[in-house]
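Here are a few exercises to work through with the model open in your viewer. Try each task before you read its solution.

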Amino acid sequence: MIRHIVCWTLNSSDPDERAAAVAGMRERLEVLPQVIPGLRSLTVSPDVGDVDANWDVVLVSEHDDRAALAAYIVHPAHVEAAGFTRSVVAERACVDVEL
């Protein structure tokens with residue numbers, strides 16, 4: 001199994017815009033396990049906000065294997081969701097871990 005972890009910094013400092021960005025990301029991304037084979041789970045969560053240096057939002061997903069992760073990356077539903085995400089984020093970091 002592969003755990004895919006993505007952290008983002010949002011491009012807005014306005015609390016309402018940040019909340020709308022996270023809601024939009026969740027709406028588009030958290031449905032993907034129902035659509036993409038091999039994607040076991042996916043959650044999008046905002047940072048609790050206690051440390052200024054933290055990333056703003058994290059995605060954690062679990063995939064059957066490396067092939068399933070590769071298929072997820074290019075799946076049209078993920079590509080569409082990623083387009084929205086790119087429109088609301090300034091920075092991204094990612095790590096994939098084999099469990």
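Two strands count as paired if DSSP finds at least two bridges between them. Helices (H or I, at least four residues) and strands (E, at least two) are DSSP runs, numbered from the N terminus. The model is predicted, so local features need pLDDT of at least 70 and side-chain atom pairs pLDDT 80 or more, while totals for chains, interfaces and linings use all residues. Residues are numbered from 1 along each chain as its sequence is written, and side-chain values use heavy atoms, with hydrogens and water left out.

**Exercise 1. Lay out the sheet**

Task: work out the strand order of the open sheet and find which strands stand at its edges.

Solution:
- Begin with strand 1 (residues 2-10), which runs antiparallel to strand 4 and is joined to it by 9 bridges. Ile-2, for instance, has Glu-98 of strand 4 as its bridge partner.
- Next, strand 1 also pairs with strand 3 through 7 bridges, in the antiparallel sense. Here Ile-2 stands opposite His-63.
- Strand 3 in turn pairs with strand 2, antiparallel over 7 bridges, and Leu-39 stands opposite His-63.
- Put together, the 4 strands take the order 2-3-1-4 with antiparallel pairing.
- Strand 2 (39-46) and strand 4 (89-98) have a single partner strand each, so they are the edges, and one side of each is left without a neighbour in the sheet.
- The twist from one strand to the next averages 15° (angles run from 0 to 180 degrees between N-to-C directions, with axes fitted to C-alpha atoms, for helices over the stretch in contact).

**Exercise 2. Place the helices**

Task: find which strands helix 1 and helix 3 touch, and describe how the two helices pack.

Solution:
- Helix 1 packs on the sheet and touches strand 1, strand 2, strand 3 (57-63) and strand 4 (contact means heavy atoms within 4.5 Å). Its direction makes about 175° with that of strand 2.
- Helix 3 packs on the sheet too, touching strand 1 and strand 4, and makes about 130° with the direction of strand 4.
- Two packed helices are described by the angle between their axes and the distance between the axes.
- For helix 1 (residues 15-29) and helix 3 (residues 76-88), the angle is about 170° and the axes are 9 Å apart.
- This makes the pair roughly antiparallel (over 145 degrees; under 35 is roughly parallel, 65 to 115 roughly perpendicular, the rest oblique).
- Helix 1 contributes Ala-21, Gly-24, Met-25, Arg-28 and Leu-29 to the contact, and helix 3 contributes His-78, Ala-81, Phe-84, Thr-85 and Val-88.

**Exercise 3. Buried or exposed?**

Task: classify Glu-62 and Asp-65 by accessibility, then examine their surroundings.

Solution:
- The cut-offs are under 20% relative accessible area for buried, over 50% for exposed, and partly exposed in between (1.4 Å probe, protein chains only).
- Glu-62 belongs to strand 3, where 5 of the 7 residues are buried.
- At 18% relative accessibility, Glu-62 counts as buried. Beyond its neighbours within four places in sequence, its contacts include Met-1, Arg-3, Arg-40 and Leu-99.
- Asp-65 sits in the loop between strand 3 and helix 2 (66-74), and its 38% relative accessibility makes it partly exposed.
- The Asp-65 side chain reaches the backbone nitrogen of Ala-68 at 2.8 Å. A polar atom of that side chain also lies 3.2 Å from the backbone nitrogen of Ala-67.

How values were computed
A polar contact is a pair of N or O atoms within 3.5 Å; within protein, one must be able to donate a hydrogen and the other to accept it, and residues adjacent in sequence count only if both atoms are side-chain atoms.
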